[in-house]
Amino acid sequence: MASRTKVKTLTIDGKRVGARGDATILEVAREHDVYIPTLCFLEGLRPNGGCRMCIVEIEGSNKLQPSCVTQVYEGMEVHTDSERIQNYRKKILQLIFSERNHVCSVCVSNGNCELQDTAQKLGMDHVEYPYLYPHMEVDATHDRFAVDHNRCIMCTRCVRVCEGVEGAYTWDIANRGINAKVITDLNQDWGDSETCTSCGKCVQVCPTGALFEKGKAVAEMKKTRQFLPYLSVMREEEE
Amino acid sequence: MTREELQEIAENELEAREELDHLIFVCNAASCQSSQGLQLIESLKSGIEEKELGDTVEVKGAGCMGLCAAGPLVLIEPDGILYTQVKPEDAGEILNHLESEAVERLKTDLEMPFFGKQVKIVLENSGKIDPEKIEDYIAMEGYTALNRVITEMSPGEVIDVISDSGLRGRGGAGYPTGLKWSTVGIAEDVQKYVVCNADEGDPGAFMDRSVLESDPHRVLEGMAIAGYAVGADKGYIYVRAEYPLAIERLREAIKRARRLNLLGNNIFGSQFSFNLEIRLGAGAFVCGEETALLASIEGRQGRPRPRPPYPAEYGLWGHPTLINNVETFANVAPIIRNGAEWFASIGTENSKGTKVFAMAGSINNTGLIEVPMGITLRDIIYDLGGGLPEDLKFKAVQTGGPSGGCVPEEHLDMPVDYESLKEVGTMMGSGGMIVVDASSDMVSDVAKYFVEFCKSESCGKCVPCRVGTAQMYDLLDKISKDEATQRDLDLLVDLCDVVRNTSLCGLGQAAPQPVLSTLEYFKEDYDAHLQKATDKLTHAVQREE
């Protein structure tokens with residue numbers, strides 16, 4: 001335990017900061033009000049490193065690292081906002097927008113969407129890649145919730161909250177590459193799921209309008225996530 | 001098992017061989033099996049029975065002899081005669097000629113460069129032993145290296161020998177093997193693991209499959225030595241399920257080695273124990289990436305995670321894990337037997353030893369070769385490979401699989417080593433070599449082909465690889481169909497940059513390589529498609545008018 005609690009000093013964008021030895025770059029950045037965009041990351045869930053929005057430059061390495069899973073080390077020099085990074089982040093975001101249908105004006109989460117927020121914050125004003133718009137379904141077989149795969153950005157927050165917090169393991173991923181999609185149980189209708197506890201955590205952690213409560217019209221779906229930090233604190237205390 | 005007992009097995013086997021007048025090895029690896037190799041073995045066996053030669057002649061199914069294009073191959077010892085393209089009906093003639101002149105129409109010249117320019121370390125036993133008999137391997141000094149490290153050397157000394165030999169990882173990137181071993185060696189944990197990556201999936205590559213099918217014990221011995229050196233008592237071989245013969249022979253080999261206590265607990269009566277298990281991969285290319293491979297062994301979906309932490313520090317179930325490729329492990333026992341200096345004397349300054357290549361595509365001698373590092377590509381293609389089939393003109397050689405690139409004619413005289421290949425925009429990779437002739441279009445036959453492979457093999461976890469490769473494929477498809485503009489090409493180049501620099505694992509990071517390398521050397525192929533698109537448009541406009 002001793003080495004874990006050791007304090008490390010590093011610089012983020014030229015500013016010298018202190019950090020817990022086991023902290024990630026993202027944690028330290030957030031503690032010091034440095035904005036790093038994230039989509040798949042959500043505090044309280046096992047980090048994933050898949051959306052690549054939080055990539056940063058580390059002095060001495062050519063490789064860009066996702067700040068959500070990269071631990072700090074003594075003397076580390078991090079750049080979170082260089083032109084190179086901004087350029088890549090915008091392009092990755094454009095790739096997400098080009099993958100499925102993200103037309104905000106007809107989305108339940110319009111105005112309350114992390115994808116939309118990120119696009120605005122990063123100043124993404126157009127998508128230069130062709131829209132792929134694959135054929136995707138809406139599964140509204142569950143009593144209270146529905147999933148619109150067209151809005152899904154494959155962040156896997158639903159999968160991780162279901163396995164890591166609820167412990168139900170209802171959500172998973174099927175297929176590979178561009179054909180990957182989130183599924184319930186063995187790729188059956190959500191309404192037929194035998195493992196789903198209907199806790200709704202997946203709906204609340206979803207960053208977009210992919211998972212929503214039934215009965216919500218355009219722009220009406222707001223997500224609540226206060227329970228997550230509470231649950232993780234409870235878990236830590238128990239341990 | 002003691003050293004004396006090991007020696008006794010070897011002596012018995014060699015004596016038995018000496019009592020025979022002739023030993024006939026028939027290639028029994030996958031490609032020769034597919035061209036009636038098994039039937040050939042049967043007809044030779046029944047021929048021997050008929051002619052009552054049982055006391056003086058023996059037929060053995062052996063491993064790959066390299067010249068796969070001319071299979072099935074038959075080697076007659078001690079005469080050293082190699083027959084090619086042998087059919088089951090040739091068995092009688094071969095047996096009739098054992099005591100006289102060889103069968104001329106089947107005989108191959110062993111002096112030809114295909115054989116003469118090879119240096120065999122990894123494949124030294126391939127084709128000369130029955131992979132299903134552990135005694136055969138022991139007769140070739142098998143397991144003596146393991147005996148030596150356990151009884152005479154400290155783990156540190158073993159790592160020093162591997163470091164001094166200059167061996168680099170044969171999986172592709174060429175990381176110094178000794179350094180990797182020492183990192184796992186110094187990691188503090190009661191449990192460590194050794195993993196063999198046999199998830200060979202590059203299009204055109206079959207080196208690892210061949211080693212496993214031809215000489216599985218060599219890999220087991222290498223892994224056990226590694227286990228001793230880094231302090232691991234448990235190992236896994238991750239083999240893709242598409243290699244049923246390799247899996248069958250590995251299973252058999254592990255069983256036999258365990259029975260002789262060459263694997264298992266207290267090997268050679270020492271404190272060292274090493275147990276091995278096979279894990280089958282379901283055929284996902286991404287599982288060759290080490291962190292995805294580990295996830296798969298753990299029973300989870302084979303998707304990579306960001307590194308660091310590297311498996312050497314945080315591997316299987318969080319324990320320090322050494323992962324090496326099949327060919328890397330196959331080099332270990334000979335290095336221990338012959339010494340680091342011997343190995344370091346082969347190859348070039350920074351790339352020591354030999355490399356096994358699988359030659360495919362527009363080339364006469366498709367098959368498997370093992371050559372010293374530093375040999376030129378021209379030597380490989382024209383001398384060993386026998387050049388391109390008639391009327392075909394060389395255009396490029398694709399190396400390194402989906403992560404690699406093309407080498408055009410102007411670079412053919414460059415030495416084959418890790419650094420030189422990197423300099424011209426490709427890589428060693430696991431050792432696939434695909435020769436492309438002038439009739440091929442680099443856009444659709446090479447770039448689009450490999451990007452399609454990466455797109456379908458992408459696990460989908462990270463955005464640049466999942467969406468980027470799909471977009472790249474669509475653009476390449478558009479270009480190849482003469483429907484693209486300069487803007488599409490610019491977009492493709494830009495995408496290559498994004499995918500390469502921001503993808504999570506090696507699959508995505510390397511996926512643009514075939515595009516970038518074909519663009520560098522064969523831009524004219526792209527331009528021709530763009531020109532055709534413009535022409536099409538002009539014609540359409542003219543028709544409208």
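This presentation covers the contact between chain A and chain B, then the salt bridges, a buried helix and two groups of strands in chain B.

Good morning. Please keep in mind throughout that what we have here is a predicted model.

I begin with the interface. The contact draws on 31 residues of chain A and 34 residues of chain B. Together the two chains bury an area of about 2700 Å², and carbon and sulfur atoms account for 55% of that area. In polar terms, 18 residue pairs are in polar contact between chain A and chain B, both residues of a pair being at pLDDT 80 or more. On the chain A side, the elements that supply two or more residues are β4 (65-66), α3 (83-99) and β8 (171-174) of chain A. Of the side of chain A that touches chain B, α3(A) provides the largest share, with eight residues. Sorted by class, that side of chain A has 16 nonpolar, seven polar and eight charged residues.

Charged pairs also cross the interface. There are three salt bridges between chain A and chain B. In a salt bridge between B:E457 and A:R176, the closest N and O atoms are 3.3 Å apart.

I turn now to the salt bridges more broadly. Over all chains, the count comes to 46 salt bridges. I have chosen a few from chain B. In the first example, the side chains of B:K133 and B:E13 form a salt bridge, with N to O at 3.7 Å. What does this pair tie together? B:K133 belongs to the loop between α5 (113-116) and α6 (134-139) of chain B, while B:E13 belongs to helix α1 (residues 3-19) of chain B, so the bridge connects parts that are 120 residues apart in sequence. As for their surroundings, B:K133 is partly exposed, at a relative accessible area of 27%, whereas B:E13 is buried, at 10%.

B:K133 has a further partner. Its side chain also meets that of B:D136 in a salt bridge, with N to O at 3.9 Å. B:D136 is buried, with a relative accessible area of 0%. Through shared partners, salt bridges join B:E13, B:R17, B:K60, B:K133 and B:D136 into one network.

The next example is the salt bridge between B:E124 and B:R218, where the N to O distance is 2.6 Å. This pair links distant parts of the chain, 94 residues apart: B:E124 lies in the loop between α5 and α6 of chain B, and B:R218 in helix α11 (residues 216-230) of chain B. Is each partner buried or partly exposed? B:E124 counts as partly exposed, at 23% relative accessibility, and B:R218 is buried, at 1%.

Let me move to a helix in chain B. Helix α13 (residues 290-297) of chain B is mostly covered, with eight of its eight residues buried. Those residues include B:E290, B:T291 and B:S296, along with B:L293, B:L294 and B:I297. Which elements do the buried residues of α13(B) pack against? They pack against α9 (177-186), β6 (193-198), β7 (234-240), β8 (275-281) and β9 (321-325) of chain B. Just after the helix, B:G299 adopts a positive phi of about 95 degrees.

One of those packing partners, β9(B), deserves a closer look. Five of the five residues of β9(B) are buried, so this strand is largely enclosed by the rest of the structure. In a regular strand, side chains alternate between the two faces of the sheet. In β9(B), residues B:T321, B:I323 and B:N325 point one way and B:L322 and B:N324 the other way, and all are buried. Strand β9(B) runs parallel to β6(B), and five bridges join the two. Within this pairing, B:Y193 has B:T321 of β9(B) as its bridge partner.

Finally, I come to an open sheet. It has five strands in the order β2-β1-β3-β4-β5 of chain B, with mixed pairing. The edges are formed by β2 (57-62) and β5 (107-108) of chain B; each has a single partner strand, so one side of each lacks a neighbour in the sheet. At the β5(B) edge, two bridges connect that strand to β4 (residues 81-83) of chain B, and the two strands run antiparallel. There, the bridge partner of B:Y83 in β5(B) is B:K107.

That concludes the presentation. Thank you.

Conventions:
Residues are numbered from 1 along each chain as its sequence is written. Chains are lettered from A and ligands numbered from 1 in the order in which they are written. This is a predicted model: local features need pLDDT of at least 70, side-chain atom pairs count only at pLDDT 80 or more; totals for chains, interfaces and linings use all residues. Side-chain values use heavy atoms; hydrogens and water are left out. Contact means heavy atoms within 4.5 Å. Buried area is the accessible area (1.4 Å probe) that two parts lose on being put together, summed over both. A salt bridge is a side-chain nitrogen of Lys or Arg within 4 Å of a carboxyl oxygen of Asp or Glu. A polar contact is a pair of N or O atoms within 3.5 Å; within protein, one must be able to donate a hydrogen and the other to accept it, and residues adjacent in sequence count only if both atoms are side-chain atoms. Helices (H or I, at least four residues) and strands (E, at least two) are DSSP runs, numbered from the N terminus. Ala, Val, Leu, Ile, Met, Phe, Trp, Tyr, Cys and Pro count as nonpolar, Asp, Glu, Lys and Arg as charged, and the others, Gly among them, as polar. Buried means under 20% relative accessible area, exposed over 50%, partly exposed in between (1.4 Å probe, protein chains only). Two strands pair if DSSP finds at least two bridges between them.
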